[in-house]
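This report addresses strand pairing, ring contacts and internal cavities in turn. The structure under discussion is shown first.

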Amino acid sequence: MVLARRVQIVGNLLERAIRDHVAQLRGVNKHFCLWYSTEYTCTELPRKLKKSERKPMVRSVNELKREARLKKKERQNVCETILQPPENGLLVKQLVPVAHEVFAARSELLSCVSRLVKYIAVYRCSLCGEAHVGHPPHKIKSCDVRGSLSSKEHSWVRGDIEHVLPIVESFHLYDRVGRAVSHNEMLEVDRIPAIVELCVQAGVEIPEYPTRRRVFPVYCVAGRIIDFEKRFPKDYSLGKDIDASGFWYKKRVDEVINPMEVHSNDIQGLYAAIAVQGMKAWEKMCTGASKLMEKYDVQTCGYCPEVQVGPKGHRVRNCQAYKHQMRDGQHAWQEATIHDLVPPVYVYHIRDQQSNQPLVNSLKRYYGMLPAVVELFAQAGASVGKKYASLMREDVVVPKMEEEKWVV
């Protein structure tokens with residue numbers, strides 16, 4: 001059996017060498033996942049940045065400088081600049097239903113995850129904060145922080161929903177076109193989940209967090225925002241146009257998935273149905289949030305996880321990242337991505353869930369990874385789409401312990 005597998009390894013090596021040679025002749029540079037890969041290309045995870053490194057920018061510095069010079073030249077000419085929604089304070093009407101879908105999908109996602117974490121164990125390292133989904137936790141020696149063990153093994157404790165879906169908060173803005181939150185107002189302005197704030201600014205009405213809805217647009221003259229609308233118009237109504245699927249979306253998974261309607265009578269079939277619904281909610285939330293961020297600006301700090309939904313960042317001096325003393329504690333704001341708004345927590349993907357054998361350190365390069373919420377749904381019985389195929393590394397054959405030393 002061992003001899004046959006070695007022959008297969010040598011054959012795969014020869015096939016890979018031939019394909020690399022042909023690719024070089026054609027001028028194509030293809031990177032294969034591992035020696036066993038014949039179909040999928042390996043998608044590398046984002047490199048963990050050092051404390052002194054800044055996050056990659058969405059737009060280049062030269063493009064930002066060019067845009068700043070153009071705006072400065074426009075301000076010198078005293079003329080009106082026509083602003084489009086949402087820069088002029090009005091809503092983008094075609095994105096209002098998308099905002100309600102994202103808000104409803106988030107409520108549904110939280111409900112599904114809260115039930116599945118009671119069914120599938122979630123662990124976190126008490127020292128470095130790494131997460132793991134499934135029992136038993138892995139034995140990969142990757143805990144390299146101050147105070148960690150000399151063996152670099154993790155100190156596992158039971159985790160919860162926040163270790164699968166971390167919440168990123170943002171200051172709630174009553175007027176997104178108004179001035180930014182100052183440092184003295186940091187304790188007076190509410191902080192809510194950033195994705196909820198994005199939905200509120202895009203059209204979702206939440207009575208607890210009122211926001212200003214303009215009827216007339218603002219004007220930009222010589223770089224200054226001029227608002228001719230009264231502060232509180234007479235026809236302003238706080239509860240106007242509240243969507244039933246918005247804040248009051250309280251339809252729990254227990255109501256959506258009735259145990260009597262599940263074809264399988266066992267508990268595993270019930271949780272599999274919850275996982276499928278949660279996976280759909282996750283994809284709908286991420287896709288909808290990406291559409292909203294194409295029109296509604298979201299800012300993030302280049303050195304810390306702080307996020308502010310709106311056209312500009314706040315002025316609160318609470319940044320404690322690299323060289324914050326030079327910035328007087330203020331954040332280095334830049335354009336945010338969907339991963340800043342919904343940060344994925346990558347965990348090792350477990351293929352054989354029935355083996356009950358932990359992942360070992362010597363075979364860590366053969367294991368795939370998935371976002372923790374996707375891995376949770378996958379272990380509960382949901383199918384993972386092709387989007388994560390290159391991360392899962394299903395096309396890589398994990399050798400046995402006694403065979404791994406022959407793979408060099």
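Two strands pair if DSSP finds at least two bridges between them; strands (E, at least two residues) and helices (H or I, at least four) are DSSP runs numbered from the N terminus. The model is predicted, with local features requiring pLDDT of at least 70 and side-chain atom pairs pLDDT 80 or more, while totals for chains, interfaces and linings use all residues. Residues are numbered from 1 along each chain as its sequence is written, and side-chain values use heavy atoms, without hydrogens or water.

**Sheet**

Strand β7 (residues 219–221) is joined to β8 by three bridges, and the two run antiparallel. Within this pairing, Cys-220 has Ile-225 of β8 as its bridge partner. An open sheet of three strands, antiparallel in its pairing, has the order β1-β7-β8. Because β1 (80–81) and β8 (224–226) each have a single partner strand, they stand at the edges, and one side of each is left without a neighbour in the sheet.

**Ring contacts**

Rings of Phe, Tyr and Trp (its six-membered ring) pair if their centres lie within 6.5 Å; planes under 30 degrees apart count as stacked, over 60 as edge-to-face and the rest as tilted. Three aromatic pairs meet this rule. One of them is the tilted pair of Tyr-303 and Tyr-322, with 6.1 Å between centres and 45° between planes. These residues are 19 apart in the chain, Tyr-303 in the loop between β9 (298–301) and β10 (307–309) and Tyr-322 in the loop between β10 and β11 (333–335). Tyr-348 and Tyr-367 form an edge-to-face pair, because their planes lie at 85°, with centres 6.3 Å apart.

For accessibility, buried means under 20% relative accessible area, exposed over 50% and partly exposed in between (1.4 Å probe, protein chains only).

| Residue | Relative accessible area | Class |
|---|---|---|
| Tyr-303 | 25% | partly exposed |
| Tyr-322 | 31% | partly exposed |
| Tyr-348 | 12% | buried |
| Tyr-367 | 10% | buried |

**Cavities**

A cavity is a set of points on a 1 Å grid over the protein atoms alone where a 1.4 Å probe fits but cannot get out; lining residues have an atom within 4 Å of a point. Grid points are joined across faces, edges and corners, and a volume is the space filled by probe spheres set on the points. The whole structure holds five cavities of 30 Å³ or more, and the largest contains about 180 Å³ of space. Its lining comprises 15 residues, with Arg-106, Pro-166, Ile-167, Ile-195 and Val-342 nearest the centre. Helix α3 (96–116) is among the elements that supply at least two lining residues, and α3 gives the most, with three.

How values were computed:
1 Å grid on protein atoms, 1.4 Å probe; cavity = no way out; pocket = protein on both sides within 12 Å on 5 of 7 lines; lining within 4 Å.
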